[in-house]
Amino acid sequence: MAREFIVPGKIISGSGALEAAESALSSFGKKALIVTDKVMIDLGNCAKVETALKNEGVDYVIYSDITGEPTDVMIDGGVKVYKENGCDFIVALGGGSPIDSMKAIASLIENGGSISDYMGKVIDVPVPPMVAIPTTAGTGSEATQFTIITDTKKDIKMLLKGAVLMPTLAIIDPQFTMTAPPKITAATGLDALCHAVEAYTSRKAQTLSDTFAVSAVKRIFKFLPVAFKDGKNEEARVEMSVAALEAGIAFNNASVTIIHGMSRPIGALFHVAHGLSNAMLMKECLKFALPGAYDRFASLGRAIGAAAADDSDEAAAEKFLAEIENITKILETPTLEEYGIDREKFFSVIDKMAFDAMASGSPQNTMRDVAEEDVKQIYRNLW
């Protein structure tokens, strides 16, 4: 069966990628809206992007009100700044939040309205050129047609999609990931691991997405623990930047499964960072998914060297799951309780979280039938 495969319009990657992309930046317009957060300004990363724009005579204005996971309120603020300053393209600098925010802002520039208007719909509206510069190796948002925005009125995380949300240019420069602290490195890296594993074990997997997914899984197991322990290790940072991009391309074309479906409600209700909530769920979700795709999980177990060629698929799959549990421990992933979430409050919203998770559609991509009661039980298993 023929399948579509989508990637960013152009990708410039490797050390010095920002400098190499300067001429491309000047082709998008005369004034950029830089969407970022205050940490990027304080670290001096935003100044590097400003210099790149100045070198090409491109004017800009900075919108740095992205604090944590993006909300509809933040998006409205970005649209206002874009229009009031006569911008004609957008540059996002940061982790998944600024890049997701850029996509949402872009979708409202011409058509107006609220980002929540697109809940349950495919976004197909004119958007200005978008440039994504990730500063973490994890979210893969620079290579996807998705954006996750919190609807503050309904208290839910909206997964919105549309091919128009693919960045026009993705600049993958590992220099920006060197400043990521260990906890961010771990959470975003495990997010990338979820993307790759879920893409490979999704009902929507295809040959090309499989290629990117397996490559990403192998890189992450090898280099994420190194980057976590030594953030200045350039090789590990370069390899993780590539892995995050690969994982993003993979899940953009094969979608995600039960982990992401269950993660978004935890993030929305308890304000846990997206990558971290994924990491908290990984063991229990994959334990549930394993019987539906022993062969696929077995392939991953063999790919990372955890299983031998003569292991049965079931044995190899179980060995892969053991390595998943091990890497989350190495990266010091906290439990819900260790994170400070109240057990009684958590259990009181399990029904809502399970409903929202199933409504997202992601759990249904799992290669094992998932019922709402299954989701509820997995939430209970986290304690």
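About 40 Å³ of space lies in the second largest cavity of this structure, which is a predicted model in which local features need pLDDT of at least 70, side-chain atom pairs count only at pLDDT 80 or more, and totals for chains, interfaces and linings use all residues. Residues are numbered from 1 along each chain as its sequence is written, and side-chain values use heavy atoms, with hydrogens and water left out.

**Cavities and a pocket**

Rolling a probe the size of a water molecule over the atoms shows where empty space is left. On a 1 Å grid over the protein atoms alone, a cavity is a set of points where a 1.4 Å probe fits but cannot get out, whereas a pocket is an open set with protein on both sides within 12 Å along at least five of seven lines; lining residues have an atom within 4 Å of a point. Grid points are joined across faces, edges and corners, and a volume is the space filled by probe spheres set on the points. By this rule there are three cavities of 30 Å³ or more.

The lining of the second largest cavity consists of Pro 134, Thr 136, Ala 137, Glu 142, Ile 172, Asp 173, Thr 177, Ser 241 and Ala 244. The largest cavity holds about 60 Å³ of space. Its lining is made up of Thr 136, Ala 137, Thr 177, Ala 180, Thr 185, Thr 188, Gly 189, Leu 224, Ala 227, Arg 237 and Met 240. Helix H7 (182–200), helix H8 (207–229) and helix H9 (234–254) are the elements that give two or more residues to this lining; helices (H or I, at least four residues) and strands (E, at least two) are DSSP runs, numbered from the N terminus. H7 provides the largest share, three residues.

The second largest pocket contains about 650 Å³ of space. It is lined by 32 residues, of which Phe 146, Leu 159, Lys 161, Ser 360 and Ser 362 are the closest to its centre. Two or more lining residues come from each of strand E7 (156–161), H9, helix H10 (258–270) and helix H16 (350–360).

The table sorts these linings by class: Ala, Val, Leu, Ile, Met, Phe, Trp, Tyr, Cys and Pro count as nonpolar, Asp, Glu, Lys and Arg as charged, and the others, Gly among them, as polar.

| Space | Nonpolar | Polar | Charged |
|---|---|---|---|
| Largest cavity | five residues | five residues | one residue |
| Second largest cavity | four residues | three residues | two residues |
| Second largest pocket | twelve residues | eleven residues | nine residues |

**Strand E5 and its partners**

Five of the five residues of strand E5 (residues 130–134) are buried, so E5 is largely enclosed by the rest of the structure. Here buried means under 20% relative accessible area, exposed means over 50%, and partly exposed lies in between (1.4 Å probe, protein chains only). In a regular strand the side chains alternate between the two faces of the sheet. In E5, Met 130, Ala 132 and Pro 134 point one way, while Val 131 and Ile 133 point the other way.

Two strands pair if DSSP finds at least two bridges between them. Strand E4 (residues 89–94) runs parallel to E5 and is joined to it by five bridges, with Val 91 opposite Val 131. E5 is also parallel to strand E8 (residues 169–172), with two bridges joining them; in that pairing, Val 131 stands opposite Leu 169.

E4, helix H6 (residues 96–108) and E5 form a right-handed β-α-β unit. A crossover is right-handed if, with the strands pointing away from the viewer, the path from the first strand over the helix to the second runs clockwise. Gly 96 lies in H6, and it counts as buried because its relative accessibility is 12%.

**Helix H10 and positive phi angles**

H10 has 13 residues and reaches 19 Å from its first C-alpha to its last, close to the expected 18 Å at 1.5 Å a residue. The expected span of a helix is 1.5 Å times one less than its number of residues. H10 is mostly covered, with 13 of its 13 residues buried. Just after this helix, His 271 takes a positive phi of about 55°.

Asp 155 has a positive phi of about 60° although it is not a glycine. Asp 155 is located in the loop between strand E6 (146–151) and E7, and it counts as partly exposed at 34% relative accessibility. Glu 332, also not a glycine, has a positive phi of about 60°. The loop between helix H13 (313–330) and helix H14 (336–339) holds Glu 332, which counts as exposed at 61% relative accessibility.
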